[in-house]
Amino acid sequence: MHIAWQQTKKHKRFLLGLFFCALIVRLLFFFLFTRHGENYLIYFDSAQYQNLAQQIADGKGITNSDGTAQFYRLPGYSLFLASFYKLFDSGETYALLVQIILASLIPILIFLLSSMLFPTQLVVAKVSSTIAAIHVGFVLYAGMIATETLFTIFFLGFLLCLFSALARYSPYYFFGAGVLLGCASLIRPVGHFVLMVTVVVLVLRKFFERDNESVAWIPGQARDDGSSKSLDKFQPNKINKNPILTRVLSKIEKLFQDLISSHKRSVVVPGLTRDPGKTPGQNPRKKIFLFLIGWLSIVSWWLVRNYLLTGFIFFHTLPGLHFLQYSATKIVMNTEDCSYVQARKQLLDEWQSIIKTREKQLYRSLNEYEKCRVGEELTMSYLQARPLLAIKHATIEMLKTCCALYSAQIIISDTGKWPDYSKGVSFWSKMKRFLLPELNHTYLIPVIYWDIILTFLIVLGFFGFIILCLFDKGLFGIALKIIPFMGLMIFLTVAYGCARLRLPIEPLLIILASYWWCAVFGVSMKKYFDKITF
């Protein structure tokens, strides 16, 4: 049994207390703020999930209000809501309360994942799971009509099964990982991309796998083969003979030597290391096959349904309109110096015109998937015409996803005012919205400040971990397993970026940042906190 599951049994009281702490915090915020008025709704998205859920609950199937087949949204979250609409008169409230209970399990899943990544560093698991219990994003979206909470739960479950499988505890963990990813794939339209990244990681795994080591060596100490794993590549004297620069670089080297060599125990790398006594698998194709079968067992009915209704295999028709409204509009706004509303109207008119032209050519109406493809092709034509401008805006949106505050949604819900996106808005005006917020409920101000502080510490800690990876192969191996999934989630927000799109990978950010801060804290305050094993 993996040490992560052993830690769960050993620390049952801590995890039980963590669950109830997370539950109380989420319920308090829900009853104080989220449940009032329309604070629990996300503009446009929530209404679509509600309408689809009502259609399902009324026995009309996965259809639009006019009775036509619905393809724009995935059915997973609406099926969750519909089960409560069917059972209760106030089904929405009961659905959100159950969602809050499920959301309170996220800190426990983070504890498990952290224990799996860093089995000998219990303090990292405790710190990261405690942060998750009071994290603004997890608290806020637990009580909203949004897919983030359920998707994050299934995504974390997928990672736990995948890393257990890579540690070779049982090949059937691959099947479980596929099942959980399949559930996530029916909730948010990113699961099939996660599937592709997972397959690539499994195929390329042999390039960073060490066959003859049971655990990663302790940084800064001698290996079994007699070689040394100090920071050999980081030798300032070989970089520059300038005495001042040499002294500065020596200080930097000493800092990272302290941070790394202060570990009392080794780091076990899932997938790079194998459980002693377990026979390594020789056929990766079997594992990939089990993974794909698990995934298809969940999503196949949806793909078959779409094929039978349209003649095409696809998950949803959101991309066409999404990229048209968010990517192409930015190109038009810059090239024609117009507002977002004007650019959007121009593009939608052009989109409708192309659809009508093709329908005349084909002597039939285009189905929803074909209309989606028209939107994608139209968007691509604008992006190809101005590639540098498209890259610029895509980069800005991804940076928004990386650094945006979850409290932005709180401000919108509380005031009903959206941020000003016009060109003349100064940087100070954007900062003032958060630093000096004008709210209807002043008790939200500490929540916003906590979000600012925590986001800053997490981002800083994550980059600190990345720097540590450059000097330690064990940590670098862990990064190779995690960062592809993180990068994917960020890249998929090239058209529209916001904090809630970052929420599924926030647990990974918290874990890695906690590792860095625990290392720094353990080194700088070691004489006061000898019990910390860093």
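Which residue forms a salt bridge with D45, and how far apart are the closest N and O atoms? Keep that in mind while you get your bearings. What you have open is a predicted model.

**The whole chain**

Start with a cartoon view. The protein chain has 23 helices and 0 strands. Of its 534 residues, 51% count as buried. If you switch on the surface, you're looking at about 25800 Å² of exposed area, with carbon and sulfur atoms supplying 64% of it. Contacts reach a long way along the sequence here: take those between residues at least 6 apart, and 76% of them join residues at least 24 apart.

**Stop 1: D45 and R500**

Now select D45 and R500 and show their side chains. R500 is the salt-bridge partner of D45, with the closest N and O atoms 2.8 Å apart. D45 sits in helix α3, while R500 sits in the loop between α22 (473–491) and α23 (506–524), so this pair ties together parts that are 455 residues apart in sequence. Both of these residues are buried.

Leave R500 on and add E148. Their side chains also meet in a salt bridge, at 3.1 Å from N to O. E148 belongs to helix α9 and R500 to the loop between α22 and α23, so here the parts tied together are 352 residues apart in sequence. E148, like R500, is buried. Add R73 and R188 to the selection to complete the picture: D45, R73, E148, R188 and R500 are linked in a network of salt bridges. A search of the whole structure turns up 12 salt bridges.

**Stop 2: a pair within one helix**

For another setting, go to helix α16 and pick D349 and K345. They form a salt bridge with the closest N and O atoms 3.0 Å apart. Both lie in α16, 4 residues apart, or about one turn of the helix. Buried or exposed, what is K345? At 54% relative accessibility, K345 counts as exposed. D349 is partly exposed, at 42%.

**Stop 3: the nonpolar cores**

Next, hide the charged side chains and select L81, L113, F118, F155, F158 and F465. These have the most contacts inside the largest nonpolar core, which has 113 residues. Helix α9 (residues 148–166) gives this core its largest share, 13 residues. Zoom in on L81: setting aside residues up to four places away in sequence, L81 touches Y49, A53, A95 and I145.

There's a second, separate core of 17 residues, and I331, W351, L366 and Y382 are among its members.

**Stop 4: a buried glutamate**

Select E397, in helix α18 (residues 387–403). With 4% relative accessibility, E397 counts as buried. What lies 2.8 Å from a polar atom of the E397 side chain? Show the backbone and you'll find the nitrogen of G497. Beyond its neighbours within four places in sequence, E397 is in contact with K330, T493, V494, A495, Y496 and G497.

**Stop 5: the start of the chain**

Jump to T8, in helix α1 (residues 3–10). Draw a distance between the C-alpha atoms of T8 and S115: they are separated by 8.9 Å, although the residues are 107 apart along the chain. Not counting residues up to four places away, T8 touches L15, F111 and L112.

**Stop 6: two unusual phi angles**

Most residues other than glycine have a negative phi. Check F44, where phi is positive, near 75°. F44 is in the loop between α2 (12–34) and α3 (45–57), and is partly exposed at 41% relative accessible area. Then try Y363, which has a positive phi of about 60°. Y363 is found in the loop between α16 (340–362) and α17 (368–385), and is exposed, with a relative accessible area of 78%.

**Last stop: a nonpolar patch**

Turn the surface back on and color I134, W450, I453, F456, L457, L460 and W517. Together they make a nonpolar surface patch of about 610 Å². Which helix gives the most to the patch? Helix α21 (residues 445–469) does, with 5 residues. I134 comes from the loop between α7 (122–133) and α8 (136–142). At 35% relative accessibility, I134 counts as partly exposed.

Technical notes. Residues are numbered from 1 along each chain as its sequence is written. This is a predicted model: local features need pLDDT of at least 70, side-chain atom pairs count only at pLDDT 80 or more; totals for chains, interfaces and linings use all residues. Side-chain values use heavy atoms; hydrogens and water are left out. Patches are made of residues with over 30% relative accessible area and no salt bridge: like charges are joined within 9 Å, nonpolar side chains (Val, Leu, Ile, Met, Phe, Trp, Tyr) within 5 Å. Accessible areas come from the Shrake-Rupley method with a 1.4 Å probe; for residues, only the protein chains shown count as cover. A salt bridge is a side-chain nitrogen of Lys or Arg within 4 Å of a carboxyl oxygen of Asp or Glu. Helices (H or I, at least four residues) and strands (E, at least two) are DSSP runs, numbered from the N terminus. Buried means under 20% relative accessible area, exposed over 50%, partly exposed in between (1.4 Å probe, protein chains only). A nonpolar core is a set of buried Ala, Val, Leu, Ile, Met, Phe, Trp, Tyr and Cys residues joined through side-chain atoms within 4.5 Å. Contact means heavy atoms within 4.5 Å. A polar contact is a pair of N or O atoms within 3.5 Å; within protein, one must be able to donate a hydrogen and the other to accept it, and residues adjacent in sequence count only if both atoms are side-chain atoms.
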